[in-house]
Amino acid sequence: MKRLIPLFEHVVKKPVWDCRMCGQCVLHSTGMTCPMTCPKTLRNGPCGGVREDGGCEVKPEMTCVWLKAERRSHSSINPKRWEAELNHLRPPVNNQLKGTSSWINLVTGADRRAPAGWSGEALDEVHDTDAADHALATIGTALVEIDDPASLPEGFHA
Ligand code: SF4
């Protein structure tokens, strides 16, 4: 089962969000845009090298992931709470969780164990939220969107 869940998560999330299986999913606070698709894997906003046309500094042919995240955070399919979460400070990614299931890590709390010395305010807010509620919301959204891809706003895919 421990191997099946990451596999299932990958099968569900790769085609929809180009999920890179970081193990600490933050889709609900990035307008359902995977920040790991940013060439610099920035999880707290754009780098400052965004081109005038909105293109990525590293890959000009792609729109900056964070421009998409900001736009999508206002999508009517995202709950108000997720819209507000865009401005939360996300902790550094723990690369030891790469390849593991973010769903399991959400339930066990492994995705919220921050590196020593980290004291981001966002963690307190994350701790206050109901982990199971987050898990169900993420899984539910994934299944609804897989079920009806036509319901996604134009350009919603990463
Ligand atoms: S944030 Fe991590 S788990 Fe979520 S879609 Fe992106 S790579 Fe996958």
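**Close-ups of a predicted all-helix model**

**View 1. Alanine 110, a partly exposed loop residue.** Alanine 110 has 17 other C-beta atoms within 10 Å, so it counts as partly exposed, since a buried residue would need 20 or more and an exposed one would have 12 or fewer. Keep in mind that this is a predicted model. Alanine 110 sits in the loop between helix H4 (102-108) and helix H5 (121-128). Setting aside neighbours within four places in sequence, it is in contact with Leu97 and Asn105. Now look for glycine 23: alanine 110 and glycine 23 are 87 residues apart in sequence, yet their C-alpha atoms are 8.9 Å apart in space.

**View 2. The whole chain, helix by helix.** Stepping back for a moment, the protein has 6 helices and 0 strands. Reading along the sequence gives the pattern α-α-α-α-α-α. Of the 158 residues, 28% count as buried. Take the contacts in the protein with a separation of 6 or more: residues 24 or more positions apart account for 60% of them.

**View 3. Helix H1 from end to end.** How far apart are the end C-alpha atoms of helix H1? They are 19 Å apart, which agrees with the 20 Å that the 14 residues of H1 (residues 4-17) should span at 1.5 Å a residue. The buried residues of H1 are Glu9, Lys13 and Trp17. An α-helix has 3.6 residues a turn, so residues three or four places apart point the same way.

**View 4. Aspartate 18, just after H1.** H1 is followed by aspartate 18, which lies in the loop between H1 and helix H2 (65-73). The backbone is the thing to check here: phi of aspartate 18 is positive, near 55°, in a residue other than glycine. Most residues other than glycine have a negative phi. Is aspartate 18 buried or exposed? Neither, quite: it is partly exposed, because 13 other C-beta atoms lie within 10 Å, a count between the 12 or fewer of an exposed residue and the 20 or more of a buried one.

**View 5. The ligand and its shell.** 13 residues surround the ligand, and the closest are Cys19, Arg20, Cys22, Cys25 and Cys34. Sorted by class, this shell has 10 nonpolar, 1 polar and 2 charged residues.

**View 6. Two nonpolar cores.** Which residues make up the largest nonpolar core? There are 9 of them: Trp17, Cys19, Cys22, Cys25, Val26, Leu27, Met32, Cys34 and Met36. A second core, separate from that one, has 6 residues, including Cys38, Cys64, Val65 and Trp66. Some names will look familiar: Trp17 is also one of the buried residues of H1, while Cys19, Cys22, Cys25 and Cys34 are also among the residues closest to the ligand.

**View 7. Threonine 41 and leucine 42, side by side in a loop.** Threonine 41 is found in the loop between H1 and H2, and leucine 42 has its place there too. Phi of threonine 41 is near 45°, another positive value in a residue other than glycine. Threonine 41 is partly exposed, with 14 other C-beta atoms within 10 Å. Leucine 42 is also partly exposed, and its count within 10 Å is 16. Not counting residues up to four places away in sequence, leucine 42 touches Pro35 and Cys47. From leucine 42 to tryptophan 66 is 24 residues in sequence and 8.8 Å in space, C-alpha to C-alpha.

How values were computed
Residues numbered from 1 in each chain as written. Predicted model: local features only at pLDDT ≥ 70, side-chain atom pairs only at ≥ 80, totals over all residues. Near = placed C-beta within 6 Å. Nonpolar A, V, L, I, M, F, W, Y, C, P; charged D, E, K, R; others polar. Core = buried A, V, L, I, M, F, W, Y, C linked by C-beta atoms within 7 Å. Helix = DSSP H or I, 4+ residues; strand = E, 2+ residues; numbered from the N terminus. Contact = placed C-beta atoms within 7 Å. Expected span 1.5 Å × (residues − 1).
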